[in-house]
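Q: Could you take me through how the helices pack in this model, and then through the surroundings of a few individual residues? Keep it relaxed, but give me the numbers.

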Amino acid sequence: MEVNDIDLSVNLCGVTLQNPVIPASGCFGFGYEMNQFYPVDILGSISLKGTTLSPRFGNPLPRVAECNSGLINSVGLQNPGIDAVIAKELPRLREIFHQPIIANISGFSIDEYLECCSKITKQPQVEFIELNVSCPNVHGGGMSFGTDPEVLGQLVKEVKKVCTLPLIVKLTPNVTDIVKMAKSCVDNGADGLCLINTLLGMRIDIKTRKPVIANVMGGFSGPAIFPVALRMVYQVRQAFPNLPIIGCGGVSSASDVVEMIMAGANAVEIGSANLRNPYACEEIVYELPSLLRKLNVTSIKELVS
């Protein structure tokens, strides 16, 4: 078996990706910035930086705190807003990237989500919408959309009405029952799920006795959360055998990608590994064929549960 004989292509919501490797939203900019390191067209897809209705400067500094086997961030969805993304970022990426694009959409009310999704779904450069439901619901007391199954279901149902593209909901792990949240999405029309977003964490500077991050708490990501993400992908796959799933959370190697697929993921997002090593996704793409050959499989689809 030759390395070139290995088929890395996967199917996600009816769309073929040349391989399962997808840089996660927030860790890869708008994609074209990374083309200075390697040709990003080798990737299966790219999930764009989280986009909101209006431009956002983000949270106050400092925004990042290092941890053992990970990091905490509270960037605060810094982005130029949906109109600028459509007018400038998407065309610029499409000049050098010819694979399917995932638009990651965030909002602080259902109306914001609806306006963003109705605009982005009309763009020919975009093949998927990834709904970030970890934002605080400003009309619901500040609780994250993704932690209340009824509110989450209502959001997905309304967005699905204006969304003509495959709708993938990126779930927060900060819940007691991930399957219950997944069911709420599926019952209200979600085409797929991405599992998981960051855990919630914090660090304290023992010299100043104050939190390291200005916002006190932030999203904890990195290798330390991989077992949690893997467990949640597995649980949701057992509950929904045919549901398209993107595995995400702590993935940093080709073996992690294989493990995610074995747990039930159809494709895999790589997040904070890109911040530590800008070549992370490239290395994974090139290491996968050799690893699959060692596992005696000719197609990565053979690993899908």
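**Helix packing and its surroundings**

A: Start with helix α1 (residues 82–94) and helix α2 (residues 110–120): they pack at an angle of about 25 degrees, and their axes sit 10 Å apart. That angle makes α1 roughly parallel to α2 (under 35 degrees is roughly parallel, over 145 roughly antiparallel, 65 to 115 roughly perpendicular, the rest oblique). On the α1 side the contact is made by Ile-82, Asp-83, Ile-86 and Leu-90, and on the α2 side by Cys-116, Lys-119 and Ile-120 (contact means heavy atoms within 4.5 Å). Axes here are lines fitted to C-alpha atoms, for helices over the stretch in contact, with angles from 0 to 180 degrees between N-to-C directions. Helices (H or I, at least four residues) and strands (E, at least two) are DSSP runs numbered from the N terminus.

Bear in mind that this is a predicted model, where local features need pLDDT of at least 70 and side-chain atom pairs count only at pLDDT 80 or more, while totals for chains, interfaces and linings use all residues. Residues are numbered from 1 along each chain as its sequence is written, and side-chain values use heavy atoms, leaving out hydrogens and water.

Now for the other helix pair. Helix α6 (residues 254–263) and helix α8 (residues 280–294) have axes that come within 8 Å and cross at roughly 65 degrees. That makes α6 roughly perpendicular to α8. From α6, Ala-254, Ser-255, Val-257 and Val-258 make the contact, and they meet Ile-284, Glu-287, Leu-288, Leu-291 and Leu-292 of α8.

Stay with α6 for a moment. This helix is largely enclosed by the rest of the structure, because 7 of its 10 residues are buried (buried is under 20% relative accessible area, exposed over 50%, partly exposed in between, with a 1.4 Å probe and protein chains only). If you want to click through them, the buried residues of α6 are Ala-254, Asp-256, Val-257, Val-258, Met-260, Ile-261 and Ala-263. What do they pack against? The partners are α5 (226–239), β15 (245–248), β16 (267–270) and α8. Right after α6 comes Gly-264, with a positive phi near 135 degrees.

From Gly-264 you can look across to Cys-135: their C-alpha atoms are separated by 26 Å, and the two residues are 129 apart along the chain. Cys-135 belongs to the loop between β8 (128–132) and α3 (149–162), and its relative accessibility of 3% makes it count as buried.

α8 also turns up when you look at Asn-19. Val-285, which Asn-19 touches, falls within the α8 range of 280–294. Not counting residues up to four places away in sequence, the rest of the Asn-19 set is Leu-8, Ser-9, Val-10, Ile-42, Leu-43 and Gly-44. Asn-19 itself lies in the loop between β2 (15–17) and β3, and it counts as buried at 3% relative accessibility.

Back at the α1 end, check out Gln-99, which is in the loop between α1 and β7 (101–105). Gln-99 is buried, with a relative accessible area of 15%. Leaving out residues up to four places away in sequence, Gln-99 touches Gln-18, Asp-41, Leu-43, Gly-44, Arg-94 and Glu-127. Ser-144 is 45 residues from Gln-99 along the chain, and their C-alpha atoms are 32 Å apart.

Ser-25 is another loop residue, placed between β3 (21–23) and β4 (46–47). Its relative accessible area of 16% means that Ser-25 is buried. If you ignore neighbours within four places in sequence, Ser-25 is in contact with Ser-47, Leu-48, Lys-49, Gly-50, Asn-104, Glu-130 and Glu-269.

Two valines round things off. Val-179 is in helix α4 (residues 178–187) and counts as partly exposed, at 24% relative accessibility. Its contacts, leaving aside neighbours within four places in sequence, are Gln-235, Val-236, Ala-239 and Phe-240. Go 11 residues along the chain from Val-179 and you get to Ile-168, with 15 Å between the two C-alpha atoms. Val-169, with the four-place neighbours again set aside, is in contact with Leu-131, Val-133, Leu-152, Val-156, Cys-185, Ala-190, Gly-192, Leu-193 and Cys-194.
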